[in-house]
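Dear colleague,

Please find the structure below, followed by a short account of what was found in it.

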Amino acid sequence: METAQLEFSVVLIYLLVSMIVVFAALLLGRFVRPKVHDPEKDTVYECGERPIGGAWFTFNPRFYLLALVFIVFDVAIALVFPVATVVRDWMVAGDGAIAVLALLSFIVLLVFGLAFVWGHGNLDWVRDIEDPKAAEEQS
Amino acid sequence: MNIFQSIGDQLIGWLFEVDPATWPYTYLVYALLIALGGGLTFGFVAIFAGPVTWVERRVAGRMMSRIGPNRVGPQGVLQWLCDGLKCWMKEDLVPACADRPLFRFAPYLVFGGMFGTFAVLPFGANIVATELNVGILYLLAVTGFVVIGMLMAGWGSNSKWAMFGGIRSAAQLVSYEIPVAFALMTVVLVAGSMSLQELVLGQGGMPWEWFVFRNPFLFAAFFLFFTAAIAEGNRTPFDLPEAESELVAGYNVEYSGMRYLFFMFAEWANLWVMSAIATVAFLGGWQIPGVSPEVIAASEGWTFVGWQALSVAIFVAKASVLVFFVIQLRWTLPRLRIDQLMVTCWKYLVPLSLACILGVLVLMLLIPEGSLVDMLLRVVMLAVGLAIAITYLRKVRATYLATRETYRNMEGKDQWYPAYRLP
């Protein structure tokens, strides 16, 4: 077996161990914990009132925008990390300028993207609905 | 060579007197050993996360001029066992309108996402489960499980509080993952490797050999990382997901008993995870001052075991200091508002961490490693770091003395809680 296979199997077994631990604790708890059925217990908590409707409704689109920005950044991070890893070796080999340029092009793109989102006002949590730019986006 | 592999080979040779390379059951032995290692790691996590809840409550009591738990066992040290036992014996409630599979599976993901990081965290010179060469990327990826788990818990509960809490946590966790990744990238640049063990080996035992004191940008990156990591771990001042004053408890509001306990377990264990990553990446990890890794590798028998134990002790000591610092932060700073939280991340931490990367790159090009300027820079940064630490300690001492004075003026006698009493 190759080293990489063994190392990733360690990761897999660790994740399995964590699942088994949680499962075992819940399974063993089954024998000691009470199970008293009561319709009041089946309701969700809503400050003591009877819950009104479900919670599966539309939520604020800013979370969606945030997730989009995150995905762009996260993909960029996944791409930049391998480049960042070899920069030092390249500098030792005398190709430091190329490595830095390669990394810079990535980072400049990221900065450009961040500036775009920032300029669009998508990073502002509190938005003025009277603001024509925000109103335009809302429509 | 992997620790499980070397132990397994020796064990097979000693027990069955066969060659491990040709023996058909070698991998079974490896798998059993790895599972045992996982069990031991879980033991460590439990032994850490449990008592640290007690420490945290005692520190909180101290800082709020009250006592804190002191009934179960001497000074209340066994409080965490009772809490765990109590949660274990509580009824496991699932709301009738909830999405049952999602609701019941969420704790697995949150706990697994936390526990998975322990596969790559190096505890000592050779005490590491696996030296993945993509260590840092793996860390960032596996903690993503936590986000999914929280979203599942929030959505699956079908409760408004849980829903808001879950979505908010997801927004916070994904946002703060960006500065964490960028701050760690500065270290990867300097060390030239993503493996956590290589990061430690790139540093030295002495403080001026640590990455944090290497240059001003790495120094700044350490603070950026620590701030963002606190937010990743849902600690105050960034504990928006469970802001009890506005969201009741956030994503875990519908949980009870053991399932709830696992969320809390993961949160406290995360305290160790982030402190350990900060120690590994910036504070020299397990490196013993004055003893190079080659000396450890060349030693044999009990000397080798002794070096391993010493390196583990040093690592645990460094991480514990950070853990204690985070606990103190929790009772010092007020909680941020959600809009301030997002502004802090996207408008301050992300641009600053990008600037840190650029600065580190430029300094790497300009100042060759080991030159006179490099050494001078390290000494200057060490002095700055020491000044900050001393100022902090003096501030703590002044606060303590002032409180004692106030108490004496008020009550006419000495404080009931002397400084030496733990914690």
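Is the crossing of H1(A) and H2(B) left-handed or right-handed? The crossing of these two helices is right-handed (clockwise turn of the near helix from the far one by less than a right angle; anticlockwise would be left-handed). Helices here are DSSP runs of H or I of at least four residues, and strands are E runs of at least two, numbered from the N terminus.

This is a predicted model, in which local features need pLDDT of at least 70 and side-chain atom pairs pLDDT 80 or more, while totals for chains, interfaces and linings use all residues. Residues are numbered from 1 along each chain as its sequence is written, and chains are lettered from A and ligands numbered from 1 in the order written.

H1(A) and H2(B), residues 26–63 of chain B, pack at about 55°, with axes 9 Å apart (lines fitted to C-alpha atoms over the stretch in contact, with angles from 0 to 180 degrees between N-to-C directions). H1(A) is therefore oblique to H2(B) (neither under 35, over 145, nor 65 to 115 degrees). Among the residues that meet are A:Tyr14 and A:Val17 from H1(A), and B:Gly38 and B:Phe42 from H2(B).

Across the whole interface, 57 residues of chain A are in contact with 71 residues of chain B (C-beta atoms, placed from the backbone, within 7 Å). Helices H1 (3–32), H2 (61–93) and H3 (96–119) of chain A each supply at least two residues of the side that touches chain B.

Chain B has 15 helices and zero strands. The C-alpha atoms of chain B fill a box of roughly 60 × 55 × 45 Å along the principal axes.

With kind regards

How values were computed. Two residues are in contact if their C-beta atoms, placed from the backbone, lie within 7 Å.
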